[in-house]
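Thank you all for coming. Please take a moment with the sequence and the fold on the screen, and then I will walk through the core and the sheet.

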Amino acid sequence: MNVNTEIDTNDKYIKTMLKTFKLVDIRRKYNELIEEAIAKNLGYKEFLISLLSTEEEGKQKRRTERNIKAAQFEKITTLEEYDYSFHKYQNMQKIKELSTLEFLDKRENIIFIGKTGVGKSHIATGIGLKACEAGKKVLFENALELINNLSKSAAEGNLKESLARLSKVDLIIIDELGYLKMDREKESIFFQLVRNRYEKKSIIITTNLKLREWDELFTSQLAATAILDRIVHHCHIINMGVEDGDDDSYRIKGKRKEIIL
């Protein structure tokens with residue numbers, strides 16, 4: 001009872017100091033944590049750990065939320081939500097390995113290859129979310145929009161600054177690379193983006209094109225080879241193709257499953 005009276009007396013000072021030191025979560029929950037410590041008869045050190053862990057969890061949650069917002073994912077899709085049975089689990093173990101984010105530490109890339117609807121963007125986003133949770137800066141961009149935006153920056157004389165900003169992003173996810181045809185200028189810009197990240201930061205690419213078909217994107221096979229060499233040098237290539245004769249997409253199967261249920 002005396003403890004509660006003392007807490008109330010000093011409440012204004014406590015809140016002021018916690019606000020000054022930007023201890024947001026302790027400020028919100030300290031009365032609750034004190035009551036819990038009294039009920040559990042915690043020692044001073046245990047109570048301090050309780051305070052610090054509360055603040056740490058809160059800061060991590062807010063950081064993750066900021067990272068996810070900055071990533072600009074088209075849709076939030078997690079790895080846990082993906083139906084690996086669609087591919088008879090053939091890529092499940094590999095994707096689990098990639099979800100540990102070791103590839104980011106090694107500055108490696110990932111390419112997901114498959115036709116529309118097999119879940120390339122879903123898996124790429126899921127890995128991107130894991131990276132956000134780990135405190136990494138992530139950017140999800142449609143390939144056409146990314147190249148057009150960089151081309152606009154070049155026309156305005158700001159390409160160097162735009163590439164410098166992108167170089168600070170730990171993971172860039174380039175979605176649907178395959179539905180555009182680059183001219184020499186856009187090809188040069190894309191090459192600069194890839195070159196700037198080579199062995200420094202990671203890229204995830206989703207595409208409907210097999211590697212041997214990448215010359216369709218660029219002005220020549222020579223240009224395609226120069227770009228592809230830098231991407232695949234340290235790269236995990238995941239073929240998400242379905243069995244021959246199976247024309248259903250992952251999304252269609254999911255919808256059919258919902259209808260049946």
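Of the 31 residues in the largest nonpolar core, the ones that touch the most other members are Ile174, Leu177, Phe190, Leu193, Trp214 and Phe218. By such a core I mean a set of buried Ala, Val, Leu, Ile, Met, Phe, Trp, Tyr and Cys residues joined through side-chain atoms within 4.5 Å, where buried means under 20% relative accessible area, with a 1.4 Å probe and protein chains only. Several elements each supply at least two residues of this core, including strand S3 (171-175), helix H10 (184-197) and helix H11 (221-232); these are DSSP runs numbered from the N terminus, helices being H or I with at least four residues and strands E with at least two. The largest share, 5 residues, comes from H11.

Please keep in mind that this is a predicted model, in which local features need pLDDT of at least 70 and side-chain atom pairs count only at pLDDT 80 or more, while totals for chains, interfaces and linings use all residues. Residues are numbered from 1 along each chain as its sequence is written, and side-chain values use heavy atoms, leaving out hydrogens and water.

Now to the sheet: how are its strands ordered? It is an open sheet of 5 strands in the order S2-S3-S4-S1-S5, with parallel pairing, and two strands count as paired if DSSP finds at least two bridges between them. The edge strands, each pairing on one side only, are S2 (138-142) and S5 (235-239). Between S3 and S4, which run parallel, there are 4 bridges, and Leu171 stands opposite Ser202 in S4.

Notes: Buried < 20%, exposed > 50% of the residue type's maximum accessible area, 1.4 Å probe, protein only.
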